[in-house]
Amino acid sequence: MAYDSINNGIWIGSNLGLYFRDLNTGRITEPFKGAADGVPGTIGTAIDKKGHLWVGSLTGVYDIVLNERKPDGTFTYRHISHKLNDPKSKTADKISSIYMSSDGSMWFGTNGNGVYHRVTDENGEKFINYTTDEGMPSDIVNGILEDNDGYMWISTANGLARLNPDDGTFINYDRTDGLANDQFYWNASYRLSDGRLLFGTVDGLIKLDGVTKKSKELHYPVYFTSLSVANEPVHAGSDITPLDISSTKHITIHERDKSFTVGFSALDYDRDNAGHYSYRLVGFDDKWITLPVDRRYVTYTNLEPGVYKLQVRYVPEGSQPDESEISQLVITVKPYFYRTPWFMMIMILLVGASAWLFHYYRVKSLTNQRTLLQASVEERTSEIRQQKQLLEARAVALSEQNDMLKRNNEEITEQKTQLIDMSRRVQDLAMDRISFFTNITHEFRTPITLIIGPTQRALKLSYNPQVIEQLNYVERNARYLLNLVNQLMDFRKLESGKMEIVRTRGNFVKMANEILTPFQPFAAERNITLRSLFHIPQPELDFDGDALRKVIPNLLSNAIKFTPDGGTVTFYAAMLPQGKNRPEPMLYLDITDSGNGIPESEINKVFDRFYQGKSQIKYPIPGSSGSGIGLYLCKSIVELFGGSIWARNNRTRGCSFRVLLPMSNVEEATNSLLPAPTAPASVPMVPVMQPSPGITILVVEDNNDMRRFICSVLRDKYNLLEASNGEEALSILLSNQVDFIISDLMMPVMDGLELSRRVKEDFAISHIPFLMLTAKTGQESRLESYRVGVDEYLLKPFDEELLLTRISNILENKRRHQSKFNIDMDVDELNIEDESRDKKFIDQVMEVVKNNYKNSYFEVGDFAEALGISRSLLNKKLQNLTRQSATKFMRNYRMSIARELILKNRKTRNMNVSEIAYEVGFNDSKYFTRCFTRQFNVTPSSMLNGDDT
């Protein structure tokens, strides 16, 4: 207990906590809000001169500011929950006593870590720790008092200690000094008014009237008592010392003696004197090293040759070191003979003599060689002089020939430069023509879309047979034109080296049947039998479907074109296993017709670029190309596959086109190949659902006719906004509520890629789905679109049902993921890209709700403030991402947590429904029950009892 004169109250400490009794009101209150029972085992207390109450407990020290009492009766405090002199430690000191000395500083006794002295200065506070290492008899402190002389008396579990705060030295007292018992009681200490000190022990009370044990300035000389070298004792008369170790001042050892030990002792016969020894080896370590009390010897190993001085001193308890009482032993370490100066001098003389002899004989040998060499040089010089005259004559002739060759080379170089320049011009001209032609054909795709699209709509709306017949002609020839455009663009890719083979996992038989189906009507018109045979045990293969959709139709169209009416065209596919001549399995394709065949003189030319046979009879079919590049494209694509293609006349009539394509091991492919990536064309066709009339779609297209056509397709099902470029679309997006974006890829001012990038970077509109329409068929454009966040990619020309289905699927998938999320509140159910801004936003939303769902006063305003956005933007983003307002989102999260708690408490029964309601932030259990029942169609009590199964 401690009286608080500042607040007129009494502080009460117990094993269970700390409390304050206000003497004005008589009430006992908790000084810390909700944390009074978190101060267990309060034993020591003291109020310092600054009005701070220091309280010791099992969990550290509490510093309570008595002058800062709050209106609700609680106090400002600081909890030191670590070791007082080590803020980084994770364990707290167990405080057993607290005392304020006459200078106003605080002393803290601990149970197991000695005593702390709190010192303050301009740099703040610090705690000085005294333990048995500094001379205390025990680290368990029971009480602290100060005498009239300023000494601190500390009662411990092993005697009484007197501490001099000025130099930090201790004098310890036990039974031998007159104490009745050296086992002191916890916090049993008191200072009388006359300065006498009282300490309680387990056997009674001890009163200190005065101090009789004084520190005396005693001098104890140190004598060396023993010597061991290599763990062997050394006696007088040895090579190391002729005298006894206690009498000699010098010893000599050899470098081969790896270690030696010197023992010593001071003539201190007082058994109660707990003095200590310190030593240093001058020449090896100049600092004094203090030994433990019970150790009286030092050992050194592996000393370098030289002269050292071993100095030892003895310091009695309570005394300071005396430099005059130092005992010294000179130690000489002799080296091996090869490390002695005389040996090194002899070696230097021997090396010098050897070097001189070597130099003498070397010079003599070189002199003889120089004489012989001089004679040989003179003879050789005469021969060279004759050869020089002959070479000079030849050099004149070669110089004339060289001049002539230089003139010829200059003429050839000039002609070569002209040829290179002409070749570059021809190549640039050819590339410009191909690029221009390719760009023109690329621009054809938009008008073709505006022909095919309205024609298909007119076919669906018209019931006049004559009109339908004419429209069929228009559609068929438009598709023929589209086929020509596609072949020209593929031709351009092949010529520029940009066409690549992308293998994916798929059902080859299914794809081949899809290719054959459109040719059935054309074959039936001329009574041609179109057969297909497959010998493929495992139809799941690794192939490029887009590439084969260019090869197989060209070969089929070519076969039907040269087959007379009533003939037969056969498509055969088989898997050839791995064998001696085949290092890997091969896919074999054979398209056979019953026509007139190919003349042998032309059979090797059919795959040439722009080649068209003139002697064969043709039966053209609508939609087939006659430009002479179809078979060239087939051969180029097959070679990209790493395969081969050839033509051969049949034995009876007609010809066959055969293709071999390498395939990876079919059996291993099942496990080793990844599934084919989901391409835009593989989206499952589901019935178009009637969306909510509130859905608004923004159509961005620079071509006015195309934009109007797209709007005519969508107008009956959605609200529409229009823009002619990306910049105009951004303005509309920022001022209107838009649910879906359809954009062309290539537009002036701002293209579709830049628009998609801007949309995904703008937090307010990044959630809007994005569908890209384009006439560009390149893989690079498609990949770049997906990288910037495009949700779907559709090629022109497109089918209006396909466009409606894609939009419906995207919106329906989004609603389906939102519904799953609303049940489980699992962010993964929303299927949002991990690196997107929406994913980061929803993760932040979940973190805020997770940290505040227990707070019943947490409202939408607090929600928006925690996220750093406005309430309207918060509701807009959550409504678009989860179909929930901010209020509903928080309520559903609380319902989800409540459901988990109910399921966990079915067996334990640790919480009832009301407690669970309060746990998840509901103040009214009835309102909680209504919300829970509306969310899960079962009452919380029924679910808790297991009646929902």
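A residue is called buried here if its relative accessible area is under 20%. By that criterion, buried residues make up 41% of the 949 residues in this protein, whose model is predicted.

**Figure 1. Overview of the predicted model.** The protein is built with 19 helices and 40 strands. Among the contacts with a separation of 6 or more, 59% are accounted for by residues that are 24 or more positions apart.

**Figure 2. Close-up of an open sheet of 5 strands, with parallel pairing.** The strands follow one another in the order S37-S36-S38-S39-S40. Strand S37 (719-723) and strand S40 (792-795) each have a single partner strand and stand at the edges, so one side of each is left without a neighbour in the sheet. From one strand to the next, the twist averages 20 degrees. Within the sheet, strand S36 (residues 696-700) pairs with strand S38 (residues 740-744) in the parallel sense over 4 bridges, and Leu-698 stands opposite Ile-741 in S38. Helix H10 (residues 752-761) packs on the sheet, where it touches S36, S38 and strand S39 (770-774), and the direction of H10 makes about 175 degrees with that of S39.

**Figure 3. Close-up of the aromatic pair Trp-54 and Phe-108.** The structure holds 31 aromatic pairs, of which this view presents one. The ring centres of Trp-54 and Phe-108 are 5.5 Å apart and their planes stand at 65 degrees, so the pair is edge-to-face, the class used for planes over 60 degrees apart. Because Trp-54 lies in strand S6 (residues 52-57) and Phe-108 in strand S10 (residues 106-110), the pair ties together parts that are 54 residues apart in sequence. Trp-54 has 1% relative accessibility and therefore counts as buried; Phe-108, at 0% relative accessibility, counts as buried as well.

**Figure 4. Close-up of the aromatic pair Tyr-277 and Tyr-314.** With centres 4.9 Å apart and planes at 50 degrees, the rings of Tyr-277 and Tyr-314 form a pair that is tilted. This pair links distant parts of the chain, since Tyr-277 belongs to strand S24 (residues 276-282) and Tyr-314 to strand S27 (residues 306-315), 37 residues apart. Both Tyr-277 and Tyr-314 are buried.

**Figure 5. Close-ups of an aromatic cluster and of two arginines over tyrosine rings.** One aromatic cluster is formed by Tyr-336, Phe-337, Tyr-338, Trp-342 and Phe-343. In a separate view, the charged end of Arg-162 sits over the ring of Tyr-151, at 3.9 Å from the ring centre. In a further view, the charged end of Arg-295 sits over the ring of Tyr-297, 4.8 Å from the centre of that ring.

**Figure 6. Close-up of Ser-101 in the loop between strand S9 (95-100) and S10.** Ser-101 has a relative accessible area of 6%, which means that this loop residue is buried. The side chain of Ser-101 is joined to that of Asp-103 by a polar contact of 2.4 Å, and the side chain of Ser-101 also makes a polar contact with the side chain of Ser-105, at 2.9 Å. When neighbours within four places in sequence are left aside, the residues in contact with Ser-101 are Trp-107, Glu-146 and Met-152. Strand S10, which follows this loop, is also the strand that holds Phe-108 of the edge-to-face pair in Figure 3.

Methods: Residues are numbered from 1 along each chain as its sequence is written. This is a predicted model: local features need pLDDT of at least 70, side-chain atom pairs count only at pLDDT 80 or more; totals for chains, interfaces and linings use all residues. Side-chain values use heavy atoms; hydrogens and water are left out. Two strands pair if DSSP finds at least two bridges between them. Helices (H or I, at least four residues) and strands (E, at least two) are DSSP runs, numbered from the N terminus. Axes are lines fitted to C-alpha atoms, for helices over the stretch in contact, and angles run from 0 to 180 degrees between N-to-C directions. Contact means heavy atoms within 4.5 Å. Rings of Phe, Tyr and Trp (its six-membered ring) pair if their centres lie within 6.5 Å; planes under 30 degrees apart count as stacked, over 60 as edge-to-face and the rest as tilted. Buried means under 20% relative accessible area, exposed over 50%, partly exposed in between (1.4 Å probe, protein chains only). A charge sits over a ring if NZ of Lys or CZ of Arg is within 6 Å of the ring centre and within 35 degrees of the ring normal. A polar contact is a pair of N or O atoms within 3.5 Å; within protein, one must be able to donate a hydrogen and the other to accept it, and residues adjacent in sequence count only if both atoms are side-chain atoms.
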